Amino acid sequence: MEWSAGRTQVNSWNEWDPLRHVIVGRATDCHIPPNEPALEAKVPEDSDMRGMWGKRPQESIDRGNELLDGFAALLEARGIRVDRPDPIDFSQPVTTPDFHTGSQFGCMPPRDVLLTVGHEMLEATMSYRCRWFEYLCYRPLMQRYFEEDPRFRHEAAPKPRLTDADYHKDYLSEKIGVEKRLQWAADKHFVTTEEEPLFDAADVLRFGRDLVVQHGFTTNQKGIEWLRRHFPDHRVHAVNFPGDPYPIHIDATFTPLRPGLILNNPQRRLPEGQREMFHRNGWEIVDAAQPAHNSPPPLCYSSTWLSMNVLVLDPKTVCVEKSEVYQAEQMDRLGMEVIPVELRDAYAFGGGLHCCTADVYREGGCEDYFP
Ligand code: NVA
């Protein structure tokens, strides 16, 4: 079916084919949620956010929205259709029969919640209690896509119970130390247990017939097995990056740019034993450039490696955050046209240019890149 801007079609099989329709998140009403097991394990021990919670300062929200609106306008000016989520009231607590938490998070990073595979958009289980209801922000869009595209499959993974049994207790301590965290990451001992399937959509990268999924804090082995059974026509590969003491979401660690080329975070290299399928098929995995910043912006969960959290518009064009000059230079050397996009002041709301988007339509079909 030919692409037409007027009517929704959901179709996206990889991270690089020409982008035609995308969702861009919003910073509106974003909260720093209260402590909970998964979050406590993730917030870096030296972070300025430990112990804080409540609504983020309004000026920072306004600035975040200004940048996200600017990014949406830039994409629209290039002919890409952009949809936005409808924020809910994130100050509301979440109470289920199994847990209670004092507030929610926000809807800036749609990539964490929505996984687009072909004509399907799948709502992830999520692994934080404060993000249990985040899918509601996207339901108006899902309803519209369902009405407009007869091929669209709207799926939701089983909502997890997120009781204390989902989290390893030894992670719930103020001071663990990076050395021990790295040892645990090497041993694949993460904060989430194998109580039930858990995954965040941002742990998944799409390579046509192959899905590459990070096993870490936000996605457990049962989550990966659930994805394997849910997508029986795909090959699902579990990967892990032992150099990362806080392994959540794959998109500041492993960034495919086009068929045959992937950037890998040099502090979180894919272990030799997991490179085989890429090497056998002639794919190059190159170290990403160093970030331009020594520390993340204030009240930000993510690392400085959001430098490599880029949005590929087509195999020759990539959006890179404007201040990430080393990453932009490397993209240029790799033959990509770079579109600089100012977003750093929105990082605190949940990530960079890849995180703050979710694919609706990219040209192309389901190719086999690893025959
Ligand atoms: N683990 C990541 C999250 C990036 C989206 C980080 O480097 O902070």
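This note covers strand 11 with its partners, and then residue L334.

1. The model is predicted: local features need pLDDT of at least 70, side-chain atom pairs count only at pLDDT 80 or more, and totals for chains, interfaces and linings use all residues. Residues are numbered from 1 along each chain as its sequence is written.

2. Strand 11 spans residues 210-214, and 4 of its 5 residues are buried, so the strand is largely enclosed by the rest of the structure. Buried means that 20 or more other C-beta atoms lie within 10 Å of a residue's own; exposed means 12 or fewer, and partly exposed is in between, with C-beta atoms placed from the backbone. Helices (H or I, at least four residues) and strands (E, at least two) are DSSP runs, numbered from the N terminus.

3. Strand 10 (residues 204-207) pairs with strand 11 in the antiparallel sense over 4 bridges; pairing requires at least two DSSP bridges between two strands. V204 is opposite V213 of strand 11. The hairpin of these strands has 2 residues between them, and G208 there takes a positive phi near 65°.

4. Strand 12 (residues 235-239) runs parallel to strand 11, joined by 5 bridges. Q214 has V239 in strand 12 as its bridge partner. Between strand 11 and strand 12 the chain passes through helix 6 (residues 221-230), a right-handed β-α-β crossover (with the strands pointing away from the viewer, the path from the first strand over the helix to the second runs clockwise).

5. L334 lies in the loop between helix 8 (325-333) and strand 18 (337-341). Its 15 C-beta neighbours inside 10 Å make L334 partly exposed. Beyond neighbours within four places in sequence, L334 contacts L257 and L261 (C-beta atoms, placed from the backbone, within 7 Å). L257 is 77 residues from L334 along the chain, with 9.6 Å between their C-alpha atoms.

Methods
Contact = placed C-beta atoms within 7 Å.
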